[in-house]
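Here is my note on the structure, written as numbered points. Please keep the view open while you read.

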Amino acid sequence: SAQTTLTHVFTRTHAHARPMNFSYYFRQYIGFILAVLSFAGVAFAGVSERDYGIPTNTVLYASVGACFVGLAFHECRPFQRKARMTFSKEEHDQEWAAFKAEVAAAQAEADGKKTD
């Protein structure tokens, strides 16, 4: 149908064949956005009381709170790669091959659903 076609055209697909819509971007990047806002709050805290009458401690506490909430969202984001840190080339190649196989399987599954 026309609606399905427009949705397909305007919705990109993640490497694991998940749709990249507003929900995807919100869940994936809200932690980063909160971290940027926290940094801006800390930078703003120095002039907040003098220029705007907002107590410096209030701005700092809110910024640190937003930072911890952003950290929690970042660590719990649903679409993160679970690779380990390694200095061994063999382990890296093995993990990378497993990741590529997982992506290929997800893409094949998505392609199979498109034809149904």
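1. Is Val36 buried, partly exposed or exposed? Val36 counts as partly exposed, because its relative accessibility is 41% and the class in question runs between 20% and 50%. Please bear in mind that this is a predicted model. Val36 lies in helix α2. Val36 also helps to make a nonpolar surface patch. Its partners there are Tyr25, Tyr29, Phe32, Ile33 and Leu37. The patch covers about 590 Å².

2. Now the overall plan. The chain has four helices and two strands. Follow the sequence and the order is α-β-β-α-α-α. Both strands therefore come after the opening helix and before the other helices in that pattern.

3. How much of the chain is buried? Of its 116 residues, 18% count as buried. The accessible surface comes to about 9,000 Å². Carbon and sulfur atoms account for 65% of that surface. Contacts across the sequence deserve a look too. Take those between residues at least 6 apart: 45% of them join residues at least 24 apart.

4. Helix α3 is a good place to practise. It runs over residues 56–75, which makes 20 residues. From its first C-alpha to its last, α3 reaches 29 Å. The expected value is 28 Å, at 1.5 Å a residue, and the two are close.

5. Which residues of α3 are buried? They are Val59, Ser63 and Gly70. These residues cover an arc of only 35° around the axis, so they sit on the same side of α3. What do they pack against? The buried residues of α3 pack against α2, which spans residues 22–52. Turn to the face of α3 that points away from the buried side. That face carries the exposed residues Tyr61 and Phe68.

6. Val42 gives a closer view of α2 and α3. Val42 lies in helix α2. With a relative accessible area of 44%, Val42 is partly exposed. Leave aside its neighbours within four places in sequence, and Val42 is in contact with Leu60 and Ser63. Val42 and Ser63 are 21 residues apart in sequence. In space they are 6.3 Å apart, C-alpha to C-alpha. Ser63, recall, is one of the buried residues of α3.

7. Gln28 is another residue of α2 to check. Is Gln28 buried or exposed? Gln28 counts as buried, because its relative accessibility is 13% and the cut-off is under 20%. Which residues does Gln28 touch, beyond its neighbours within four places in sequence? Gln28 is in contact with Arg77, Pro78 and Phe79.

8. Next come the charged pairs. Side chains of opposite charge can pair when their charged atoms come close. How many salt bridges does a search of the whole structure find? The search finds two.

9. Arg50 forms a salt bridge with Asp51. The closest N and O atoms are 3.0 Å apart. Arg50 counts as exposed, at 64% relative accessibility. Asp51 counts as partly exposed, at 45%.

10. Lys89 and Asp93 also meet in a salt bridge, through their side chains. The N to O distance is 3.1 Å. Why are Lys89 and Asp93 separated by about one helical turn? Because they are four residues apart in helix α4, which covers residues 89–115. Lys89 is exposed, with a relative accessible area of 57%. Asp93 is partly exposed, with a relative accessible area of 34%.

11. To finish, go back to α2 in the viewer. Val36, Val42 and Gln28 lie in this helix. Val36 is partly exposed at 41%, and Val42 is partly exposed at 44%. Gln28, by contrast, is buried at 13%. The buried residues of α3 pack against this helix.

Terms used:
Residues numbered from 1 in each chain as written. Predicted model: local features only at pLDDT ≥ 70, side-chain atom pairs only at ≥ 80, totals over all residues. Heavy atoms only, no water. Buried < 20%, exposed > 50% of the residue type's maximum accessible area, 1.4 Å probe, protein only. Contact = heavy atoms within 4.5 Å. Areas by Shrake-Rupley, 256 points an atom, 1.4 Å probe, with all protein chains shown as cover. Expected span 1.5 Å × (residues − 1). Arc of directions from axis to C-beta. Patch = residues over 30% accessible without salt bridge, like charges linked within 9 Å, V, L, I, M, F, W, Y side chains within 5 Å. Salt bridge = Lys/Arg side-chain N within 4 Å of Asp/Glu carboxyl O.
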